[in-house]
Amino acid sequence: MSIHILRVLGIRSKTPGVLAIAEGHMVRWDPRRGGWDCQCLTPADEYECEHIEAVRNLIDQRVTEPVKARTA
Ligand SMILES: [Zn+2]
């Protein structure tokens, strides 16, 4: 799958978000809008599409989830 990552700002950023183009579909992650979304999904779709899955697999988990504090 052809994927272009345009923007990656982690959860600790003031304006966190991920923006990518996967096979021509815009995929975004915006925690203030409920997480992942893809252009190919209609509002009725409950499930994620292959584009979201592919982009998410490229993004480090630390981008979208707060790093847990280390226990000493
Ligand atoms: Zn999609």
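In this report, buried means under 20% relative accessible area, exposed means over 50%, and partly exposed covers what lies in between, with a 1.4 Å probe and protein chains only. By that rule His51, at 7% relative accessibility, counts as buried.

Some ground rules will help you read the rest. This is a predicted model, in which local features need pLDDT of at least 70 and side-chain atom pairs count only at pLDDT 80 or more, while totals for chains, interfaces and linings use all residues. Residues are numbered from 1 along each chain as its sequence is written, and side-chain values use heavy atoms, with hydrogens and water left out.

**The zinc site**

Let us stay with His51, which sits in helix 1 (residues 50–58); helices (H or I, at least four residues) and strands (E, at least two) are DSSP runs, numbered from the N terminus. Through its ND1 atom His51 is a donor to the zinc ion, alongside the SG atoms of Cys38, Cys40 and Cys49, and these protein donors lie 1.9 to 2.3 Å from the metal. Donors here are N, O and S atoms within 2.8 Å of the metal (3.2 Å for Na, K and Ca); water is not among the atoms, so sites may look incomplete.

Why is the arrangement around the zinc ion tetrahedral? The four donor atoms subtend angles of 105 to 114 degrees, and four donors count as tetrahedral if all angles lie between 85 and 135 degrees. Along the sequence, the donor residues follow the spacing C-x1-C-x8-C-x1-H. Cys49 is buried, as is His51.

His51 also has contacts (heavy atoms within 4.5 Å). Leaving aside residues up to four places away in sequence, His51 touches Met1, Ala22, Glu23, His25, Val27, Cys38 and Cys40.

**Salt bridges**

Side chains of opposite charge can pair when their charged atoms come close. A salt bridge is counted when a side-chain nitrogen of Lys or Arg is within 4 Å of a carboxyl oxygen of Asp or Glu. How many salt bridges does the structure hold? There are four, and the table includes three pairs with their N to O distances.

| Pair | N to O distance |
|---|---|
| Arg32 and Asp30 | 3.4 Å |
| Arg56 and Glu48 | 2.9 Å |
| Asp60 and Arg62 | 3.1 Å |

Salt bridges with shared partners also join Asp30, Arg32 and Arg33 into one network. Within that network, Asp30 is buried at 14% relative accessibility, whereas Arg32 is exposed at 58%. Arg33 is exposed too, at 66%, and belongs to the loop between strand 3 (25–30) and strand 4 (35–38).

As for the other pairs, Arg56 is partly exposed with a relative accessible area of 35%, and its partner Glu48 is partly exposed at 41%. Asp60 is partly exposed at 38%, while Arg62 is exposed at 58%.

**A nonpolar patch**

Which residues make the nonpolar surface patch of about 250 Å²? They are Ile5, Val8 and Leu58. Patches are made of residues with over 30% relative accessible area and no salt bridge; like charges are joined within 9 Å, and nonpolar side chains (Val, Leu, Ile, Met, Phe, Trp, Tyr) within 5 Å. The areas come from the Shrake-Rupley method with a 1.4 Å probe, and for residues only the protein chains shown count as cover.

Ile5 lies in strand 1 (residues 3–9) and is partly exposed, with a relative accessible area of 40%. Finally, Val8 and Arg33 are 25 residues apart in sequence and 16 Å apart in space, C-alpha to C-alpha.

Key:
Four donors count as tetrahedral if all angles lie between 85 and 135 degrees; four count as square planar and six as octahedral if opposite donors are over 155 degrees apart and all others between 65 and 115; anything else is irregular.
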